[in-house]
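Dear colleague,

I am handing over the structure that we discussed, and the notes below go through what was found in it. Please read them with the model open beside you.

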Amino acid sequence: MKMSGLVAAVAVSVPVLSASAGMAYALREGANFASDLVMLDTNDFAGATVVGATGVSGTRLSGLAMVGSTLYAYGENQTVADGHGGLYRINQATGAATWIGGSELGPRTVRDLAYNPADGKLYGLASVNSAGFSESELITIDTATGEVTSRGNISGSRTITLTGLAIAS
């Protein structure tokens, strides 16, 4: 299905470039956090193509990252289980998400993902935000198991809310 007016009609996460030149992916969020994978042509932003439903609802998928030819997203829910929080592999042909696994992060949720080709690791930005308090932590995520390893708290993040992550190459 081809859509026009992407900005007005679709709430999407920041697109991630795919291994295919000129293509990017984004997530469209619906009721109860149900999401669809959307494909964007970086040469023609006049419209977007809905690839299909991820099959995940009840938790927001965020932080798309391409690792090689595999697309990943992270379920923000603090409960780690299929259909909730943790790492998902996204089928680029159908949009279907497959839960891989994850680690309990306490009050933190993963806000964004970024792949570093220099060290071959998938990084995440895990944050907790509540009344007057914010703290963020850099994590690595095992793409085979979803297991999270803390790299440490981000100094100075108690007074600002961090929501995006990018790796400089």
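**A buried serine in a strand**

Ser127 lies in strand β11, and since the model is a predicted one, what follows should be read as a description of that prediction. Is Ser127 buried or exposed? Ser127 counts as buried because its relative accessibility is 1%, and the cut-off for that label is under 20%. Its side chain makes a polar contact with the side chain of Ser136, at 2.8 Å. Leaving out residues up to four places away in sequence, Ser127 touches Pro107, Arg108, Thr109, Arg111, Glu135, Ser136 and Leu162.

**The protein as a whole**

The secondary structure of the protein comes to 1 helix and 13 strands, and the order of the elements from the N terminus on is β-α-β-β-β-β-β-β-β-β-β-β-β-β. Of the 169 residues, 43% count as buried, while the protein exposes about 8,200 Å², of which carbon and sulfur atoms supply 53%. Among the contacts with a separation of 6 or more, 42% are accounted for by residues 24 or more positions apart.

**The open sheet and its hairpin**

One part that may repay a look is an open sheet of 4 strands, in the order β6-β7-β8-β9 and with antiparallel pairing. Its edge strands are β6 (61–67) and β9 (97–101), each of which pairs on one side only, and the twist from one strand to the next averages 30 degrees. In general, strands of a sheet pair through backbone hydrogen bonds, either parallel or antiparallel.

How many bridges join β6 to strand β7? There are 5 bridges between β6 and β7 (residues 70–75), and the two strands run antiparallel. Within this pairing Met66 has Leu71 in β7 as its bridge partner, and Val67 stands opposite Thr70 in β7. The two strands form a hairpin with 2 residues between them, and in the turn Gly68 has a positive phi of about 60 degrees. As for its surroundings, β6 is mostly covered, with 7 of its 7 residues buried.

**Two nonpolar cores**

The largest nonpolar core has 14 residues, and those with the most contacts inside it are Tyr74, Leu87, Val110, Leu113, Leu122 and Ile141. Two or more residues of this core come from each of β6, β7, β10 (109–116), β11 (121–130) and β12 (133–141). Apart from it lies another core, of 12 residues, among them Tyr25, Leu37, Val56 and Met66.

**Val56, a buried loop residue**

Where is Val56 placed? Val56 sits in the loop between β5 (44–53) and β6, and Val56 is counted as buried because its relative accessible area is 4%, again with under 20% as the cut-off. Setting aside its neighbours within four places in sequence, Val56 is in contact with Phe33, Ala34, Ser35, Leu61, Tyr88 and Ala97. In addition, Val56 and Thr98 are 42 residues apart in sequence and 9.0 Å apart in space, C-alpha to C-alpha.

With kind regards

Conventions:
Residues numbered from 1 in each chain as written. Predicted model: local features only at pLDDT ≥ 70, side-chain atom pairs only at ≥ 80, totals over all residues. Heavy atoms only, no water. Pairing = 2+ DSSP bridges. Axes fitted to C-alpha atoms, helices over the stretch in contact; angles between N-to-C directions. Core = buried A, V, L, I, M, F, W, Y, C linked by side-chain atoms within 4.5 Å. Buried < 20%, exposed > 50% of the residue type's maximum accessible area, 1.4 Å probe, protein only. Contact = heavy atoms within 4.5 Å. Areas by Shrake-Rupley, 256 points an atom, 1.4 Å probe, with all protein chains shown as cover. Polar contact = N/O pair within 3.5 Å; in protein donor to acceptor, adjacent residues only side chain to side chain.
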